[in-house]
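The following paragraphs explain a protein model part by part. Please keep the sequence and the structure in view while reading.

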Amino acid sequence: SNISGASSDISLDEQYKHQLEETKKEKRTRIPYKPNYSLNLWSIMKNCIGKELSKIPMPVNFNEPLSMLQRLTEDLEYHELLDRAAKCENSLEQLCYVAAFTVSSYSTTVFRTSKPFNPLLGETFELDRLEENGYRSLCEQVSHHPPAAAHHAESKNGWTLRQEIKITSKFRGKYLSIMPLGSIHCIFHATGHHYTWKKVTTTVHNIIVGKLWIDQSGEIDIVNHKTGDKCNLKFVPYSYFSRDVARKVTGEVTDPSGKVHFALLGTWDEKMDCFKVQPVVGENGGDARQRGHEAEESRVMLWKRNPLPKNAENMYYFSELALTLNAWESGTAPTDSRLRPDQRLMENGRWDEANAEKQRLEEKQRLSRKKREAEAMKATEDGTPYDPYKALWFERKKDPVTKELTHIYRGGYWECKEKQDWTSCPDI
C-alpha cells in the first residue's frame, strides 16, 4: 500500500528502500472510528457554572482517546522548526523560527473540540523518535489539583524544550476559558540561546447551543535571555463583525534597543510568514517603515500546517502524529498513558466500559490521596518531618532564568527503560 501511493518518477530501488524503512517501524495511520453516542453536555454542565473544571467528573463521551500528556507532546509536531532554528547563525532569524514553532502548537486545536483525559497523578508519557526525527520526549503528571504536567524533550539536532503547564479553566455558561500557566523554555546547545514564553488563552464557544468552536487570543512575548532579543506575537480574537482574516497572528522581532528587524504575519491554523524590515528614510529625515510591496520581496514562509489524514473527521480530527501517540509500544514505564485501561476502551469504542473503568481509577486515586493526607496529619502530630507528594522523574526547584518554582527533569528515565528497571514506579 505504501508503494501504490508513491509517484512513478521515484526509482524502484528507492521505493523498496522506503518500504523497508516503513516496515522497520510501522506507524499506525488510523484508529477505530468515533461511535455515534448522543449525550447532552448541558445536562452535566448546568450544575457546574463557576466550578473549577478539573473537579467535574465528566463521562468519556466528551473526551478524545488521548491524555493531556499526549496532547502536550503534540507541541513537537513541527519539531523541524527548532532543527532549523538550531542551524541559524543570526539570533534574530532564529527567533523567527522559535516564534513559528510557538504558533504551530495551536494548529491542531481548530477542530479538536473534545477534551483530553485528565492524567492520573504519577502518569507518564514517553515519545522516543530519536531514530526517525532525532528527539525524544517525556511528560509526567506532577500535581492533580491544580492539574500540572512537566515536559522535557531533547534533540540531537541541538535543542532542548522544557515546560511545566498548569491548566486553569473557568466555565462561563456560554463559553469555557482555558488558561495555561507556566513558562516554556527552549535552549539551543551550540549558542546557549535560552528562550522563554507562555501560552495564550484558549476559548471554547457554544458550550450550550450550536456547534462547538475554538479560538485563541492574547499575546505571547518570547524573550532570548542571552541576547535580549524579543518577539511579541498577537493572537487576534475572532470577531463576527471584523473583515479581517480569522485566526490571525501578527508579530514583531526586535533587538534589545527595540528596533524591529522582522515582521511576522499569518494564522495559527495555517501558516506563518516573515518579512525583513528595512528602515526607509522618511520625508523629514526620520525612519519610516518599509513600504508593503518592497517587503513582499523579502517574504519567507516559516511554517505551513500539515494536511489532516484522510477521514480525520471520523477520528476526532487527529493529525498524523496524534494517530500514532496511543499506539501500544513495548518497554514503556508501567505508568505510561498508553496502558491506561479507560482510555484504551474508549479508543476501541467501548464507552460504557470505559466510563466504569474511569470511575474505578478516579476512586483509586482519591483513596491514595486520602492515605497521603492521613499520613501528613499523623506526621504533624508526631512532629516527624513529612514529605508531600514528589514527582518521580522531575524535581521541583527554582528556575534559574525565570525565578519561578517549577519541575525540571532530573534524568534517569531512559536509563531505567534501557535496563527495564521500573521498580520505582508507583502503581496508579
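**From backbone features to buried cores**

Pro 146 is found in the loop between strand E4 (135-143) and E5. The model is a predicted one, and in it the peptide bond from His 145 to Pro 146 is cis, with omega near -5 degrees.

Two further backbone features concern phi. Tyr 316 is not a glycine, yet it has a positive phi of about 60 degrees. Its place is the loop between E18 and helix H8 (320-325). Lys 403 likewise has a positive phi, of about 65 degrees, although it is not a glycine; this residue belongs to the loop between strand E19 (394-398) and strand E20 (405-409). Are these two residues buried or exposed? Tyr 316 has a relative accessibility of 5% and therefore counts as buried, whereas Lys 403, with a relative accessible area of 53%, is exposed.

The overall composition gives these details their setting. The protein contains 11 helices and 20 strands. Of its 428 residues, 47% are buried. The accessible surface comes to about 22200 Å², and carbon and sulfur atoms account for 53% of it. Among contacts with a separation of 6 or more, 56% are between residues 24 or more positions apart.

The interior may be considered next. In soluble globular proteins, nonpolar side chains tend to be buried together. Here the largest nonpolar core has 64 residues, and those touching the most other members are Leu 161, Trp 197, Ile 222, Leu 233, Phe 235 and Leu 264. Helix H5 gives the most to this core, with 9 residues. Apart from this core lies another, of 14 residues, which includes Phe 394, Tyr 409, Tyr 413 and Cys 416.

Ile 222 serves as an example from the 64-residue core. With neighbours within four places in sequence left aside, the contacts of Ile 222 include Leu 95, Val 98, Ala 99 and Thr 102. Tyr 195, Thr 196 and Trp 197 are also among its contacts, as are Asp 229, Lys 230, Cys 231 and Leu 233.

Helix H4 (residues 80-87) offers another view of burial. Which of its residues are buried? They are Leu 81, Leu 82, Asp 83 and Ala 85. Their cover includes helices H5 and H6 (130-133), together with strands E5 (148-155), E6 (159-171), E8 (183-188) and E18 (300-304).

Tyr 106 lies in the loop between helix H5 (91-104) and strand E2 (115-117). Its relative accessible area is 5%, so Tyr 106 is buried. Beyond four places in sequence, Tyr 106 is in contact with Lys 199, Val 200, Gln 216, Ile 220, Phe 235 and Trp 268. One of these partners, Val 200, has its backbone nitrogen 3.0 Å from a polar atom of the Tyr 106 side chain. Another pairing spans a long stretch of chain: Tyr 106 and Thr 267 are 161 residues apart in sequence, while their C-alpha atoms are 9.8 Å apart in space.

Two glutamates complete the account. Glu 123 is placed in the loop between E2 and strand E3 (124-129). Why does Glu 123 count as buried? Glu 123 does so because its relative accessibility is 1%, and the cut-off for buried is under 20%. Its side chain is joined to that of Ser 337 by a polar contact of 2.8 Å. Residues up to four places away in sequence aside, Glu 123 touches Ser 67, Leu 69, Cys 139, Glu 140 and Gln 141, and also Thr 335, Ser 337, Arg 340 and Ile 428.

Glu 164 is part of strand E6. With a relative accessible area of 6%, this glutamate is therefore buried as well. What polar partners does the side chain of Glu 164 have? One is the side chain of Lys 166, with a polar contact of 3.4 Å. Another is the backbone nitrogen of His 407, which lies 2.7 Å from a polar atom of the Glu 164 side chain. Not counting residues up to four places away in sequence, Glu 164 touches Val 142, Ala 148, Ala 149, Ala 150, Leu 181, Gly 182 and Ser 183. Leu 405, Thr 406 and His 407 are also touched by Glu 164.

Conventions. Residues numbered from 1 in each chain as written. Predicted model: local features only at pLDDT ≥ 70, side-chain atom pairs only at ≥ 80, totals over all residues. Heavy atoms only, no water. Helix = DSSP H or I, 4+ residues; strand = E, 2+ residues; numbered from the N terminus. Buried < 20%, exposed > 50% of the residue type's maximum accessible area, 1.4 Å probe, protein only. Contact = heavy atoms within 4.5 Å. Polar contact = N/O pair within 3.5 Å; in protein donor to acceptor, adjacent residues only side chain to side chain. Areas by Shrake-Rupley, 256 points an atom, 1.4 Å probe, with all protein chains shown as cover. Core = buried A, V, L, I, M, F, W, Y, C linked by side-chain atoms within 4.5 Å.
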